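Work through the exercises below with the sequence and the coordinates open side by side. Each task is followed by a solution that proceeds step by step.

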Amino acid sequence: MQQEIAMLPIFRKYRNMYVPQTVQALRALAHDHRLAAYRALVQAGPDGMAVGELREQLHLAPATLTAHLNQLRAAGLVTDEREGRIIRIRADYDRMNGLIGFLTENCCGGKSCAPVAKKKLR
């Protein structure tokens, strides 16, 4: 099974997603606070955010945010770096793109599935 998975194009391109990692990443994102934290970090861009800034934005207790960030770290979705007294946390865009690629690789049976313009509701 692992050999079959390794042959998929997404694994040749990103070389960082396989089924157990995918499940772990999806499990980490399947909580409202962790998803909000991850989305904030993705929106922050490659510079990331200081953990304290993220905590203030999400209105979470320090210990609660730490627990959520530990789940995201374990799934490989975020990385952190100490800058003196500040810990800066960043979304791992390669991992995010690998996850998106894995989820959409066989999308629409090979047909174009570009988003359709939404119709305005009246």
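**Exercise 1. Locate Ile89 in the predicted model, decide whether Ile89 is buried or exposed, and list the residues with which Ile89 is in contact beyond its sequence neighbours.**

Step 1. In this predicted model, Ile89 belongs to strand β3, which covers residues 86–91.

Step 2. The relative accessible area of Ile89 is 0%, and because buried means under 20%, Ile89 counts as buried.

Step 3. When neighbours within four places in sequence are left aside, the contacts of Ile89 are Leu41, Gly48, Met49, Val51, Leu54, Leu69, Arg73, Val78, Thr79 and Asp80.

Step 4. For one of these partners, Leu41, the separation along the chain is 48 residues, while the C-alpha atoms of Leu41 and Ile89 are 7.6 Å apart.

**Exercise 2. Determine which element holds Arg34, and find out what the side chain of Arg34 reaches, given that Arg34 is buried and has no salt bridge.**

Step 1. Arg34 is found in helix α4, which spans residues 32–44.

Step 2. A salt bridge requires a distance within 4 Å, whereas the nearest side chain of opposite charge, that of Asp32, is 7.9 Å from Arg34.

Step 3. The side chain of Arg34 does reach a backbone oxygen, that of Ala28, at 2.7 Å.

Step 4. Not counting residues up to four places away in sequence, Arg34 touches Arg27, Ala28, His68, Gln71 and Leu72, so that Ala28 appears both in this list and as the owner of the backbone oxygen.

**Exercise 3. Describe the chain as a whole by its elements, its burial and its contacts.**

Step 1. The chain contains 7 helices and 3 strands, and their order from the N terminus is α-α-α-α-β-α-α-β-β-α.

Step 2. Of the 122 residues, 32% are buried, and the chain exposes about 8600 Å², of which carbon and sulfur atoms supply 55%.

Step 3. Among contacts with a separation of 6 or more, 55% join residues 24 or more positions apart.

**Exercise 4. Establish which element has the lowest mean pLDDT and which the highest, and say how the N-terminal residues 1–8 should be treated.**

Step 1. The average pLDDT of the chain is 84, and 76% of the residues score at least 70.

Step 2. Helix α1, residues 2–6, has the lowest mean pLDDT among the elements, 46, and α4 has the highest, 98.

Step 3. Over residues 1–8 the pLDDT stays under 50, and the model has 8 contacts beyond four places in sequence for this stretch. Where pLDDT is low, predicted coordinates should not be read in detail.

Key. Residues are numbered from 1 along each chain as its sequence is written. This is a predicted model: local features need pLDDT of at least 70, side-chain atom pairs count only at pLDDT 80 or more; totals for chains, interfaces and linings use all residues. Side-chain values use heavy atoms; hydrogens and water are left out. Helices (H or I, at least four residues) and strands (E, at least two) are DSSP runs, numbered from the N terminus. Buried means under 20% relative accessible area, exposed over 50%, partly exposed in between (1.4 Å probe, protein chains only). Lys and Arg count as positive and Asp and Glu as negative; His and the chain ends are not counted. A polar contact is a pair of N or O atoms within 3.5 Å; within protein, one must be able to donate a hydrogen and the other to accept it, and residues adjacent in sequence count only if both atoms are side-chain atoms. Contact means heavy atoms within 4.5 Å. Accessible areas come from the Shrake-Rupley method with a 1.4 Å probe; for residues, only the protein chains shown count as cover. pLDDT is the predictor's confidence in each residue, from 0 to 100.
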